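Thanks for making time, everyone. I have one structure to walk through, and I'll keep it quick.

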Amino acid sequence: MMIDIRLRVLLAERRITATQLSKMTGLSRNTISLIVTGKSKGIVFNTLDKIMMALEIDDISQLIQYVPTEEKSKGGKNPN
């Protein structure tokens with residue numbers, strides 16, 4: 001299984017930089033960078049809340065997406 005954080009896409013759609021999001025949320029630029037690049041090992045709920053509020057997201061699925069491992073590796077949908 002893979003959890004895909006769509007922050008890079010959302011920032012691009014809104015034409016917001018990671019530095020701007022950092023200022024909007026009060027989160028460090030490093031924290032934002034780790035999330036955007038997919039290098040974060042986990043995200044605290046409070047961090048998610050701040051990002052969602054700053055980007056005016058009301059549905060967590062806009063930010064986080066579950067991708068089954070088989071789908072990701074095979075490029076197709078999971079048959080089950």
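Start with what lines the largest pocket: nine nonpolar, four polar and two charged residues. Keep in mind that this is a predicted model. The volume of this pocket comes to about 260 Å³. Which residues sit closest to its centre? Of the 15 lining residues, those are I3, D4, I5, I35 and G38. Two elements give two or more residues to the lining, namely β1, residues 2-5, and α3.

Now the core. The largest nonpolar core is built from 17 residues. The ones with the most contacts inside it are L7, L11, L21, I32, I51, L55 and L63. Four helices each give two or more residues: α1 at 7-14, α2 at 18-25, α3 at 29-37 and α4 at 45-54. Which of them gives the most? That is α4, with four residues.

So let's stay on α4. Its buried residues are T47, L48, I51, M52 and A54. Why do they fall on the same side of the helix? Because they cover an arc of only 165 degrees around the axis. The general rule behind this: an α-helix has 3.6 residues a turn, so residues three or four places apart point the same way. Turn to the face away from the buried side, and there you find F45 and M53, both exposed.

What covers the buried residues of α4? The cover includes α1, α2, α3 and β2, the last one being residues 64-67.

Two residues of α4 deserve a closer look. Take I51. Leaving out residues up to four places away in sequence, I51 touches L7, T25, L27, I35 and L63. Two of those names have come up in the core list: L7 and L63 are among the residues with the most contacts inside it. I35 you have met as well, close to the centre of the pocket.

Then T47, also in α4. Buried or exposed? T47 has a relative accessible area of 12%, and the cut-off for buried is under 20%, so T47 counts as buried. With the same sequence neighbours left out, T47 touches L27, T31 and I35. L27 and I35 are on the contact list of I51 too.

Next, backbone angles. Just after α4, E56 takes a positive phi of about 55 degrees. E56 is not a glycine. This residue is placed in the loop between α4 and β2. E56 is exposed, at a relative accessible area of 71%.

There is another such case, R15. Phi of R15 is near 55 degrees, again positive in a residue other than glycine. Where is R15? In the loop between α1 and α2. R15 counts as exposed because its relative accessibility is 74%, and the cut-off is over 50%.

Last stop, the two ends of a long stretch of chain. T69 lies in helix α5, which covers residues 69-74. T69 and M2 are 67 residues apart along the chain, yet their C-alpha atoms are separated by 6.0 Å. M2 falls within β1, residues 2-5. As for exposure, T69 is partly exposed, with a relative accessible area of 43%.

To recap: a pocket of about 260 Å³, a nonpolar core of 17 residues, and α4 giving the most to that core. Happy to go back to any of it.

Technical notes:
Residues are numbered from 1 along each chain as its sequence is written. This is a predicted model: local features need pLDDT of at least 70, side-chain atom pairs count only at pLDDT 80 or more; totals for chains, interfaces and linings use all residues. Side-chain values use heavy atoms; hydrogens and water are left out. A nonpolar core is a set of buried Ala, Val, Leu, Ile, Met, Phe, Trp, Tyr and Cys residues joined through side-chain atoms within 4.5 Å. Buried means under 20% relative accessible area, exposed over 50%, partly exposed in between (1.4 Å probe, protein chains only). Contact means heavy atoms within 4.5 Å. The arc is that of the directions from the helix axis to the C-beta atoms. On a 1 Å grid over the protein atoms alone, a cavity is a set of points where a 1.4 Å probe fits but cannot get out, and a pocket is an open set with protein on both sides within 12 Å along at least five of seven lines; lining residues have an atom within 4 Å of a point. Grid points are joined across faces, edges and corners, and a volume is the space filled by probe spheres set on the points. Ala, Val, Leu, Ile, Met, Phe, Trp, Tyr, Cys and Pro count as nonpolar, Asp, Glu, Lys and Arg as charged, and the others, Gly among them, as polar.
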